[in-house]
Amino acid sequence: MAEPRVILITGTRKGIGRALAEHYCGRGDLVVGCSRKPADLEHAGYEHHELDVIDEDAVKELFRRIRANHGRLDALVNNAGVASMNHALLTPLDTARRIVETNLLGTFLFCREGARLMRGSGGGRIVNLTTVAVRLHLEGEAIYAASKAAVESLTTTLARELAPLDITVNAVGPTPIETDLTSNVPREKLDAIVARQAIQRFGELRDVVNVVDFFLDPASDFVTGQVLYLGGV
Amino acid sequence: MNRADIERTVFAAVDDLNATLPEEKRLPRNGEARLIGAEGRLDSIGLVDLILSVEQKLQDEAGVAVTIADEKAFSQSQSPFLTLGTLTDYVTKLVGKDGHG
C-alpha cells in the first residue's frame with residue numbers, strides 16, 4: 001500500500017478547509033490543519049495547530065514540526081482567508097490591512113515555507129483559494145477581491161518559479177457557498193452573484209473538493225499556473 | 001561557529017547539490033568556485049537550492065537560524081554570492097552578528 005500523503009490545509013476549523021480535511025483524512029492521508037482557534041475535528045489522521053497564518057515565527061515552527069514528525073510535505077492547500085463585505089468608501093484601513101495580510105501575505109508565507117519543505121521531498125502540490133469575486137468585479141468586495149487577485153498573480157508567478165522543483169501551483173475560485181464567510185452577505189446579493197454564473201446554483205463543498213482532488217492527482221503533474229473558477233464564471 | 005565550521009557547512013551543502021547535478025555542472029569544493037556571473041556554475045534555482053541548503057544545515061546541525069538572502073545581501077557592493085569563499089565569509093559575518101559566534 002502506498003505511503004499516506006502529508007497534506008497541510010490552512011483554515012480547517014470550518015467551511016471549505018474543514019471539508020477538505022475530512023475528505024483527505026477519509027482517504028487515508030495525513031492531514032495537518034491549522035486555524036487561529038481550536039478545531040473539534042477528531043480523526044487518527046488529523047493533527048491541529050493553533051496559529052495565525054501571518055505569524056511568521058509560528059508558521060516556521062509549524063513547518064519545523066512537520067519536517068520533524070513526517071519528514072516531508074506532499075501538498076499544501078492555502079484555504080485560510082477573511083472577507084469583509086463593505087463599500088470601499090466605508091472600509092477602514094485596519095480592515096483592509098487585515099484582509100491583505102491574511103489572504104495574500106499568509107498565502108505567500110505558507111507557499112514559501114511549504115515549497116522549501118517540498119523541495120527536499122521531490123516536489124509537491126500547492127493549491128490556493130481565490131474567488132469568483134475577482135472575475136465578476138463584485139461591488140462591496142473591493143479589498144477582498146483585490147487581495148485574491150494578488151493571490152492569483154502569486155499563483156501564476158510561483159508556478160514558474162517552482163516548476164524546476166517539481167512543485168505545481170494552482171488556484172480554485174469557488175462561487176458563493178453557504179459557509180461562515182458568506183453568512184453576513186445579504187441573500188439578494190448572493191442570489192445576484194449566482195445569477196451571473198453559467199450554472200445557476202450555489203456552490204457546494206464537494207465542488208471545491210473535486211477541483212482540489214484534480215490538482216493533487218498524480219496525473220495532474222503537467223497542470224500548473226491555472227486558476228479554475230467554478231460555476232462557469 | 002567560526003569560519004572553518006561555516007565552510008564545512010557550505011561544502012556539505014555543495015555535496016548535496018552536486019549529488020543532484022550531472023558531472024559537468026558540479027561545483028568544485030573550493031573557495032574560488034564561481035557561483036554566479038559570467039563564469040558562474042549555478043543557474044538561479046541552483047543558487048536558491050544552495051542557499052536554502054546552507055540555512056537548513058545551520059539550523060539542523062547547530063541550531064543557528066539565519067536568513068542569508070535578504071535585502072542586505074543584495075545591496076552589498078560586492079555580491080556575497082559570487083564564489084563559495086564570499087558566501088562563506090558572508091555567512092560567517094551573519095552568524096557572528098546574530099550572537100551565535
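How much accessible surface does chain B have, and what share of it belongs to carbon and sulfur atoms? Colour chain B by element and show its surface: the total is about 5500 Å², and 48% of that belongs to carbon and sulfur atoms. Keep in mind on this tour that you're looking at a predicted model.

**Stop 1: chain B as a cartoon**

Switch chain B to cartoon view. You'll find 4 helices and 0 strands, and starting from the N terminus the order reads α-α-α-α. Chain B has a radius of gyration of 13 Å, close to the 13 Å that the globule rule gives for 101 residues, so it is as compact as a globular protein of that length. If you draw a box along the principal axes, the C-alpha atoms fill roughly 40 × 30 × 20 Å.

Now colour chain B by burial: 39% of its 101 residues count as buried. Turn on contacts too. Among those between residues at least 6 apart in sequence, 55% link residues at least 24 apart.

**Stop 2: the charges of chain B**

Select the charged side chains next. Chain B carries 11 positive and 17 negative charges, and the mean positions of the two sets are 3 Å apart.

**Stop 3: B:K57**

Pick out B:K57, which sits in helix α2, covering residues 44–62 of chain B. Is this lysine, B:K57, buried or exposed? Its relative accessible area is 14%, and the cut-off for buried is under 20%, so B:K57 counts as buried. Who is around it? Setting aside neighbours within four places in sequence, B:K57 touches B:T9, B:A12, B:A13, B:D16 and B:A62. Show those five side chains as sticks to see the surroundings of B:K57.

**Stop 4: the aromatic pairs**

Over all chains, the structure holds 3 aromatic pairs; two of them are on this tour. Go to chain A and select A:F214 and A:F215. Their ring centres are 5.6 Å apart and their planes meet at 45°, so this pair is tilted. Check each partner's surface: A:F214 is partly exposed, at 40% relative accessibility, whereas A:F215 is buried, at 2%.

Then hop back to chain B for B:F74 and B:F81. Here the centres are 5.7 Å apart with the planes at 55°, so this pair is tilted as well. B:F74 counts as exposed at 60% relative accessibility, while B:F81 is buried with a relative accessible area of 2%. Leave both rings selected and rotate the view to compare the exposed B:F74 with the buried B:F81.

How values were computed. Residues are numbered from 1 along each chain as its sequence is written. Chains are lettered from A and ligands numbered from 1 in the order in which they are written. This is a predicted model: local features need pLDDT of at least 70, side-chain atom pairs count only at pLDDT 80 or more; totals for chains, interfaces and linings use all residues. Side-chain values use heavy atoms; hydrogens and water are left out. Rings of Phe, Tyr and Trp (its six-membered ring) pair if their centres lie within 6.5 Å; planes under 30 degrees apart count as stacked, over 60 as edge-to-face and the rest as tilted. Buried means under 20% relative accessible area, exposed over 50%, partly exposed in between (1.4 Å probe, protein chains only). Helices (H or I, at least four residues) and strands (E, at least two) are DSSP runs, numbered from the N terminus. The radius of gyration is taken over C-alpha atoms; the globule rule is 2.2 Å times the number of residues to the power 0.38. Contact means heavy atoms within 4.5 Å. Accessible areas come from the Shrake-Rupley method with a 1.4 Å probe; for residues, only the protein chains shown count as cover. Lys and Arg count as positive and Asp and Glu as negative; His and the chain ends are not counted. The place of a charge is taken as NZ of Lys, CZ of Arg, CG of Asp or CD of Glu.
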